[in-house]
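Work through the exercises below with the sequence and the structure open beside you. Try each task before reading its solution.

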Amino acid sequence: MGRFPRKDKFYLKAKDEGFRARSAYKLLEIQKRFQLIKSGDRVLDLGCSPGSFIQVIHRIVGEKGFIVGIDLLETESFPSSNVVIRKGDVCEIDIKSIMEEYGIPSFDIITSDISPNISGIREVDEENRKRVYESIKKITVAGLKTGGHLIMKCFFTESFIPIKNDLKNMFKRVVVFKPQASRKISPEVYLIGMSLKKS
Ligand SMILES: C[S@@+](CC[C@H](N)C(=O)[O-])C[C@H]1O[C@@H](n2cnc3c(N)ncnc32)[C@H](O)[C@@H]1O
């Protein structure tokens, strides 16, 4: 067994309820608490594979919404025509051209559940986390509407406070949220930026 017991309560619940991953319950908790995703929203989901966030988002936005998912890995496609998946690295994608392709003027919400690959070398991993954050920020500035929200997984490492402070400059309100479904020993938390300020 690895660092985490794989078949925990949420893993089994996800299997039982047809979610592609246990992460679904993290987003469900965030939604229950903050109610940020609305029916008809256009949502960008970064680090979307295998797709459980998208399953949750799709239930909320319905057929009038639109979801773009992006991941380095393949993501099994969705039967709905308002869910599109792109394989790619958030550090390399051109979000504006993707938006143009689908006729999206701006996103209402951006979610990021990205877990950057870990090398085990502290400096390398921290640099990679910062690089991924800078890319998410760039995508947010280019794609999120004024007043829109960002739900972003982050890790309690040395870059956490600078990232949180940076988001405080961009959003009217920033909260840190650790869902019950997030393993207690995992350093992950979600930084939630509410209402993007006018640039
Ligand atoms: C915890 S998983 C996401 C689970 C997903 N939210 C769900 O509910 O099914 C993290 C994902 O981040 C992706 N990822 C890591 N670095 C990335 C990058 N630079 N660009 C795009 N995706 C990345 C990984 O491939 C992985 O699929």
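The exercises go from the whole chain to single residues, and the model they use is predicted.

**Exercise 1. The overall fold**

Task: State how many helices and strands the protein has, and in which order they run. Then decide how its radius of gyration stands against the globule rule.

Solution.
- Step 1. The protein contains 6 helices and 7 strands.
- Step 2. Read from the N terminus, the elements follow the order α-α-β-α-β-β-α-β-α-β-α-β-β.
- Step 3. The radius of gyration is 16 Å, close to the 16 Å given by the globule rule for 199 residues, so the protein is as compact as a globular protein of that length.
- Step 4. The C-alpha trace spans about 45 × 40 × 30 Å along its principal axes.
- Step 5. Of the 199 residues, 38% are buried.
- Step 6. Take the contacts between residues at least 6 apart in sequence: 66% of them join residues at least 24 apart.

**Exercise 2. The sheet**

Task: Write down the strand order of the sheet and name its edge strands.

Solution.
- Step 1. The 7 strands form an open sheet in the order S3-S2-S1-S4-S5-S7-S6, and the pairing is mixed.
- Step 2. S3 and S6 (171-177) are the edge strands, since each pairs on one side only.
- Step 3. On average, neighbouring strands of this sheet are turned by 15° against each other, direction ignored.
- Step 4. For the parallel part of the mixed pairing, look at S2: 5 bridges join S1 (residues 42-46) to S2 in parallel, and 5 bridges join S2 to S3 (residues 83-87), also in parallel.
- Step 5. For the antiparallel part, look at S7: S5 (residues 144-155) pairs with S7 (residues 188-196) over 6 bridges in the antiparallel sense, and 6 bridges join S6 to S7, which run antiparallel.
- Step 6. Individual residues can be located in these antiparallel pairs. Phe155 stands opposite Glu188 in S7, and Val174 stands opposite Gly193 in S7.

**Exercise 3. Strand S2 and its neighbours**

Task: Sort the residues of S2 by the way they point, and decide whether they are buried or exposed. Then follow the chain from S1 to S2.

Solution.
- Step 1. In a regular strand, side chains alternate between the two faces of the sheet.
- Step 2. Phe66, Val68 and Ile70 point one way from S2, while Ile67, Gly69 and Asp71 point the other way.
- Step 3. S2 (residues 66-71) is mostly covered, with 6 of its 6 residues buried.
- Step 4. Val43 stands opposite Ile67 in S2. On the S3 side, Ile67 has Val83 as its bridge partner, and Val68 has Val84.
- Step 5. Between S1 and S2 the chain passes through helix H3 (residues 52-61), and this β-α-β crossover is right-handed.

**Exercise 4. A pair of helices**

Task: Describe how H2 and H3 pack, and list the residues that make the contact.

Solution.
- Step 1. H2 (residues 24-34) and H3 pack at an angle of about 35°, and their axes are 8 Å apart.
- Step 2. The crossing of H2 and H3 is right-handed.
- Step 3. H2 contributes Ala24, Leu27, Leu28 and Gln31 to the contact, and H3 contributes Ser52, Phe53, Gln55, Val56 and Ile60.

**Exercise 5. Single residues**

Task: Decide whether Lys172 is buried or exposed. Then find where the cis peptide bond is and what is notable about phi of Gln35 and of Ser195.

Solution.
- Step 1. Lys172 lies in strand S6. A residue counts as exposed if 12 or fewer other C-beta atoms lie within 10 Å of its own. Lys172 has 11, so it is exposed.
- Step 2. Leaving out residues up to four places away in sequence, Lys172 touches Met194, Ser195 and Lys197. The C-alpha atoms of Lys172 and Gly147 are 8.6 Å apart, although 25 residues separate them along the chain.
- Step 3. The cis peptide bond joins Ser49 and Pro50, with omega of about 5°. Pro50 sits in the loop between S1 and H3.
- Step 4. Gln35 is not a glycine, yet its phi is positive, about 50°. Gln35 is in the loop between H2 and S1, and it is exposed, with 9 other C-beta atoms within 10 Å.
- Step 5. Ser195 also has a positive phi, near 65°. Ser195 belongs to strand S7 and counts as partly exposed, with 14 C-beta neighbours inside 10 Å.

Key
Residues are numbered from 1 along each chain as its sequence is written. This is a predicted model: local features need pLDDT of at least 70, side-chain atom pairs count only at pLDDT 80 or more; totals for chains, interfaces and linings use all residues. Helices (H or I, at least four residues) and strands (E, at least two) are DSSP runs, numbered from the N terminus. The radius of gyration is taken over C-alpha atoms; the globule rule is 2.2 Å times the number of residues to the power 0.38. A residue is buried if 20 or more other C-beta atoms lie within 10 Å of its own, exposed if 12 or fewer, and partly exposed in between; C-beta atoms are placed from the backbone. Two residues are in contact if their C-beta atoms, placed from the backbone, lie within 7 Å. Two strands pair if DSSP finds at least two bridges between them. A crossover is right-handed if, with the strands pointing away from the viewer, the path from the first strand over the helix to the second runs clockwise. Axes are lines fitted to C-alpha atoms, for helices over the stretch in contact, and angles run from 0 to 180 degrees between N-to-C directions. A crossing is left-handed if the near helix is turned anticlockwise from the far one by less than a right angle, and right-handed if clockwise.
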